[in-house]
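Visitor: Hi, I've got a model open and I'd like to talk it through. Can you walk me around it?
Guide: Sure, let's pull it up.

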Amino acid sequence: MKLYHSPASPYVRKVMVLAQETGQLDKIEIVAVATTPLAPDANVAAANPIKKIPALVADDGMTLFDSPVICEYLDSLHSGTKMFPQGKARWEALRLQAAADGLLDAALLVVYESRFREEAMRNQAWVDGQLSKIDGALDAFEAAAGGFGDRVDIGTISIGCALGYIDFRLGHRDWRASRPQLSAWYKAFLARPSMDATKPPAA
């Protein structure tokens, strides 16, 4: 398999963490790309019509995108503990994944507003609205974190990668100060080899 990859992408990180947790890294060829909304990579565009990473080319040539689909596909290929559990646990994991991905979507919009929009055209009310979404997701994770324990599934992987992106790109926002349970859980989750191996580069 071939994975289009950037170490700064939290969505790519989700795929990489799941691949490592399920013992599949040696089955994936990592293809480094430099792609932005304004200058998409041609190979990524060929694999994904919305021109975003991650994109995965399977052994049979099928292309998959984006991170929720790729992660579930990889989870279907191994016989160990599933990252997409069954029954009620599945819906809880998917719910957490959706909230974490929503946080990431909002965080990316905040980052893109400053990176790709001219200063005179920036909209602070828009940014504040996205930051409110981020805070809402963080508060929900704080309320749930006491029950996470040592769970490793697509929900907790997604949250871990989302928190990593906040630290990476929006590190000036002290999300830990008012969220002690989430902070303690994240500190322990960061110690997992899969999280340590996929840390983004220095901002």
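Guide: Let's start with charges, and with what counts here: a salt bridge is a side-chain nitrogen of Lys or Arg within 4 Å of a carboxyl oxygen of Asp or Glu. Keep in mind that this is a predicted model.

Visitor: OK, how many salt bridges does the structure hold?
Guide: There are 11 salt bridges in the structure. As background, side chains of opposite charge can pair when their charged atoms come close.

Visitor: Give me one to click on. What does Asp101 pair with?
Guide: Asp101 makes a salt bridge with Lys14, and the closest N and O atoms are 3.1 Å apart. Asp101 sits in helix α4 (residues 88–116) and Lys14 in helix α1 (residues 10–21), so this pair ties together parts that are 87 residues apart in sequence.

Visitor: And is Lys14 buried or exposed?
Guide: Lys14 is buried, with 0% relative accessible area. Asp101 has 12% relative accessibility, so Asp101 counts as buried too, the cut-off being under 20%.

Visitor: Who else touches Lys14? I'm looking at Ser158, what is it in contact with?
Guide: Lys14 is on the list for Ser158, along with Gln97 and Ala100, leaving aside neighbours within four places in sequence. Ser158 belongs to helix α6, and with a relative accessible area of 0% it is buried.

Visitor: Anything else in α6 worth a click?
Guide: Try Thr156, which is in helix α6 as well. Thr156 has 0% relative accessibility, so it counts as buried. Beyond residues up to four places away in sequence, Thr156 touches Phe148, Arg151, Trp185 and Phe189.

Visitor: Back to the charges. What's Asp139 doing?
Guide: Asp139 forms a salt bridge with Arg179, with 3.0 Å between the closest N and O atoms. That pair links distant parts of the chain, 40 residues apart: Asp139 is in helix α5 (residues 124–145), and Arg179 is in the loop between α6 and α7.

Visitor: Which of those two counts as buried, and which as partly exposed?
Guide: Arg179 is the buried partner, with a relative accessible area of 7%. Asp139, at 42% relative accessibility, counts as partly exposed.

Visitor: Which residues are linked with them in a network?
Guide: The network of salt bridges links Asp135, Asp139, Arg173 and Arg179.

Visitor: Got one further along the chain?
Guide: Asp196 and Lys199: their side chains meet in a salt bridge at 3.4 Å, N to O. Asp196 is partly exposed, with a relative accessible area of 44%. Lys199 has 51% relative accessibility, so it counts as exposed, the cut-off being over 50%.

Visitor: Let's switch to the loop with Arg179. Where is Leu170 placed?
Guide: Leu170 is in the loop between α6 (154–169) and α7 (180–190). Leu170 counts as buried, at 5% relative accessibility.

Visitor: What does Leu170 touch?
Guide: Not counting residues up to four places away in sequence, Leu170 touches Ala107, Val110, Val111, Ile134 and Tyr165.

Visitor: How far is Leu170 from Gly136?
Guide: Leu170 and Gly136 are 16 Å apart, C-alpha to C-alpha, and 34 residues apart in sequence.

Visitor: New topic, the sheet. What's the strand order?
Guide: The order is β2-β1-β3-β4, in an open sheet of 4 strands with mixed pairing. β2 and β4 (63–64) are the edge strands, each pairing on one side only.

Visitor: How do β1 and β2 pair, parallel or antiparallel?
Guide: Strand β1 (residues 2–5) and strand β2 (residues 29–32) pair in the parallel sense, over 4 bridges. The chain gets from β1 to β2 through α1, and this β-α-β crossover is right-handed.

Visitor: Which residues stand opposite each other there?
Guide: Leu3 stands opposite Ile30 in β2, and His5 stands opposite Ala32 in β2.

Visitor: Last one: which helices lie on the sheet?
Guide: α1 lies across β1 and β2, running at about 145° to β1. Helix α3 (residues 67–75) packs on the sheet too, touching β3 (55–57) and β4, and its direction makes about 40° with that of β3.

Key:
Residues are numbered from 1 along each chain as its sequence is written. This is a predicted model: local features need pLDDT of at least 70, side-chain atom pairs count only at pLDDT 80 or more; totals for chains, interfaces and linings use all residues. Side-chain values use heavy atoms; hydrogens and water are left out. Helices (H or I, at least four residues) and strands (E, at least two) are DSSP runs, numbered from the N terminus. Buried means under 20% relative accessible area, exposed over 50%, partly exposed in between (1.4 Å probe, protein chains only). Contact means heavy atoms within 4.5 Å. Two strands pair if DSSP finds at least two bridges between them. A crossover is right-handed if, with the strands pointing away from the viewer, the path from the first strand over the helix to the second runs clockwise. Axes are lines fitted to C-alpha atoms, for helices over the stretch in contact, and angles run from 0 to 180 degrees between N-to-C directions.
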